[in-house]
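User: I'd like to learn how to read a model like this one, feature by feature. Can we start with strand pairing and work outwards from there?

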Amino acid sequence: MTHTRTIRLTVNGTTRQVRAEPGHTLLDLLRDDLELTGTKACCLVGECGACTVSMNGRIVDSCLVLAAEADGAEVTTIEAVAAGGGLDPLQQAFLDSGAVQCGYCTPGQVMAARDLLARVPHPSVAQIQEAMAGNLCRCGCYRQITEAVQAAAAAVDR
Amino acid sequence: MQGFGYERPHALARAVALLQAHGSQAVLLAGGTDLIVGLRERRLRPAVVVDIKHVAGLEPSITRAGGLVRITADTVLTDVAADQCVRSNFPALAQAAAVIGTVQIRNRATLAGNICNASPAADTAPPLLVYQAQVVAYGPGGTRRIPIDGFFAGPGLTTLAPDEVVTAIELPVPGPHAGSAFGRLSRRRGADLATVSVSAYVDGDGATRLGFGAVGPRPILIADHSGQLADPAGRADMLARLVRTASPISDVRASREYRMSMLAELSQRVLDAATGRRAEGGRR
């Protein structure tokens with residue numbers, strides 16, 4: 001029994017159309033159908049945040065969104081952050097702070113940090129830790145990640 | 001995930017018709033943060049998933065009409081936690097909504113889903129119990145209101161009929177001299193379930209309600225009209241007796257004994273916070 005349906009959504013400003021099974025998630029759609037592999041698959045139960053994308057202006061775990069639910073949505077992925085080839089200042093701050101070790105969690109971390117900075121331009125350490133609690137780093141770079149977010153926030157003023 | 005049908009009704013009657021047609025083979029999808037994990041782990045194998053995010057009347061909204069605040073079924077926890085009306089009238093609910101999961105989870109998970117999932121550790125359950133919330137359900141017989149204390153039946157179980165949809169949660173606005181609070185113990189901040197949670201509500205004349213989470217097969221409501229629980233100097237004995245009505249299990253998060261001890265301590269702190277807010281002029 002197949003239940004494929006046509007999903008139309010906007011990804012990084014471009015309208016896309018995909019045939020998807022209901023069992024496919026937004027994460028599957030992005031990685032497998034649209035080949036946007038910057039968004040990472042990891043825990044698949046909404047605990048690690050590696051698959052974080054922005055959907056209709058809010059960050060979500062794309063592993064916990066069915067592709068069918070994303071029909072009509074506006075989605076922004078990590079690929080839009082470095083659009084044009086150069087790194088976003090936040091990504092540069094991650095590199096400069098040593099917040100990127102194996103790098104697997106980094107796209108999700110950057111998406112969560114961008115979301116925080118859009119809501120709270122100058123977050124405290126506590127606010128950063130709270131906002132990024134949904135993004136795990138197995139390399140244990142939490143301190144450097146916090147520093148990177150602070151550095152990126154400070155850089156906006158310069 | 002194995003194959004299943006996906007339906008996205010726009011009318012409430014259609015959602016109910018789908019539930020009637022598919023019976024136990026249908027599941028409702030709102031935020032999906034629990035449901036999709038269940039689908040992936042194959043604990044759930046529905047024939048059809050009914051997405052209620054496009055049903056007219058369930059769109060995200062928090063509105064006040066007279067003495068009642070209504071939170072619709074599609075309202076996510078981010079919005080419950082941030083809403084000014086909720087924060088000023090139901091601070092314990094705002095506190096609880098703000099500590100569930102993570103930013104990513106709270107942007108999807110709904111208040112209605114948190115109670116329909118009926119985890120004994122559901123963080124919003126103790127506040128909803130002490131605020132005497134009502135669950136608004138729609139089914140083939142029309143709309144009915146279920147007092148929240150009569151909604152939880154056991155782990156993962158509610159008294160909702162299989163063909164009913166929760167459309168909203170309604171909370172009566174407390175009087176001006178009430179105070180309330182929420183407290184929670186977990187192993188880490190963020191992305192962890194509660195080891196123990198407590199909510200307290202104290203009204204102007206000292207009547208007190210306590211809600212306990214994660215210490216029994218369902219969230220527990222306790223009411224005291226004697227004024228004893230509201231009295232910081234006189235509550236210890238009564239509290240010790242009430243705490244023994246809890247029946248926590250030992251699991252990966254904590255032992256039964258630890259939960260019992262922490263329940264007593266957390267109850268003291270949350271009652272202090274609630275009575276303190278009452279002294280400040282209430283509500284907050």
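Analyst: Sure. To read a pairing, pick a residue and look across to its bridge partner: A181(B) has A200(B) of β12(B) as its partner. Keep in mind throughout that this is a predicted model.

User: In what sense do β11(B) and β12(B) pair, and over how many bridges?

Analyst: Antiparallel, over seven bridges, with β12(B) covering residues 196-202. Then step back to the whole sheet, which is open and has four strands in the order β11-β12-β13-β14 of chain B, with antiparallel pairing. The edges are β11 (179-185) and β14 (220-224) of chain B, each of which pairs on one side only. Ignoring direction, neighbouring strands in this sheet are turned by 10 degrees against each other on average.

User: Which helix packs on that sheet, and which strands does it touch?

Analyst: That's α10(B), which touches β11, β12 and β13 (208-213) of chain B. Its direction makes about 150 degrees with that of β11(B).

User: How do I read the nonpolar core, and which residues touch the most other members?

Analyst: Start from the best-connected members and then see which elements contribute. The largest nonpolar core has 134 residues, and I52(B), L93(B), I169(B) and A200(B) touch the most other members. Helix α10 of chain B, residues 256-279, gives the most to this core, with seven residues. We met A200(B) a moment ago as the bridge partner of A181(B).

User: What is I52(B) in contact with, leaving aside its neighbours within four places in sequence?

Analyst: Its partners are A15(B), L28(B), L29(B), A30(B), L58(B), A73(B), D74(B) and V165(B).

User: Now helix pairs. How close do the axes of α9(B) and α10(B) come, and at what angle do they cross?

Analyst: For a helix pair, read the approach, the angle, the hand and then the residues. The axes of α9(B), residues 236-243, and α10(B) come within 10 Å and cross at roughly 140 degrees. That angle makes α9(B) oblique to α10(B), since it takes over 145 degrees to count as roughly antiparallel. The crossing is right-handed. On the α9(B) side the contact is made by L239(B), A240(B) and V243(B), and on the α10(B) side by M260(B), L263(B), A264(B), S267(B) and Q268(B).

User: Let me look at chain A as well. How do the axes of α2(A) and α5(A) cross?

Analyst: Go through the steps again. Helix α2(A), residues 89-96, and helix α5(A), residues 142-155, have axes that come within 8 Å and cross at roughly 135 degrees. This makes α2(A) oblique to α5(A). The hand of this crossing is right-handed. P89(A), L90(A), A93(A), F94(A) and D96(A) of α2(A) make the contact with A148(A), A151(A), A152(A) and A155(A) of α5(A).

User: What about backbone angles? Which sign does phi have at E35(A)?

Analyst: Phi is positive there, about 55 degrees, although E35(A) is not a glycine. When you find such a residue, check where it sits. E35(A) lies in the loop between α1 (26-33) and β3 (52-55) of chain A. It counts as exposed because it has 7 C-beta neighbours inside 10 Å. Chain B offers R42(B), a residue other than glycine with a positive phi near 60 degrees. R42(B) is in the loop between α2 (35-40) and β3 (48-51) of chain B, and with 9 C-beta neighbours inside 10 Å it counts as exposed.

User: And where does a glycine with positive phi turn up in a hairpin?

Analyst: Look at β4(B) and β5(B), whose hairpin has two residues between the strands; G66(B) takes a positive phi near 60 degrees there. The strands, residues 62-65 and 68-72, run antiparallel and are joined by four bridges. R64(B) stands opposite V69(B) of β5(B).

User: Last one: how many residues does each chain give to the contact between A and B?

Analyst: Count each side separately, then ask which elements supply the residues. Chain A gives 27 residues and chain B gives 22. On the chain A side, β4 (58-61) and α4 (125-131) are the elements that give two or more residues. The most come from β4(A), with four residues.

How values were computed:
Residues are numbered from 1 along each chain as its sequence is written. Chains are lettered from A and ligands numbered from 1 in the order in which they are written. This is a predicted model: local features need pLDDT of at least 70, side-chain atom pairs count only at pLDDT 80 or more; totals for chains, interfaces and linings use all residues. A nonpolar core is a set of buried Ala, Val, Leu, Ile, Met, Phe, Trp, Tyr and Cys residues joined through C-beta atoms within 7 Å. A residue is buried if 20 or more other C-beta atoms lie within 10 Å of its own, exposed if 12 or fewer, and partly exposed in between; C-beta atoms are placed from the backbone. Two residues are in contact if their C-beta atoms, placed from the backbone, lie within 7 Å. Two strands pair if DSSP finds at least two bridges between them. Axes are lines fitted to C-alpha atoms, for helices over the stretch in contact, and angles run from 0 to 180 degrees between N-to-C directions. Angles under 35 degrees count as roughly parallel, over 145 as roughly antiparallel, 65 to 115 as roughly perpendicular and the rest as oblique. A crossing is left-handed if the near helix is turned anticlockwise from the far one by less than a right angle, and right-handed if clockwise.
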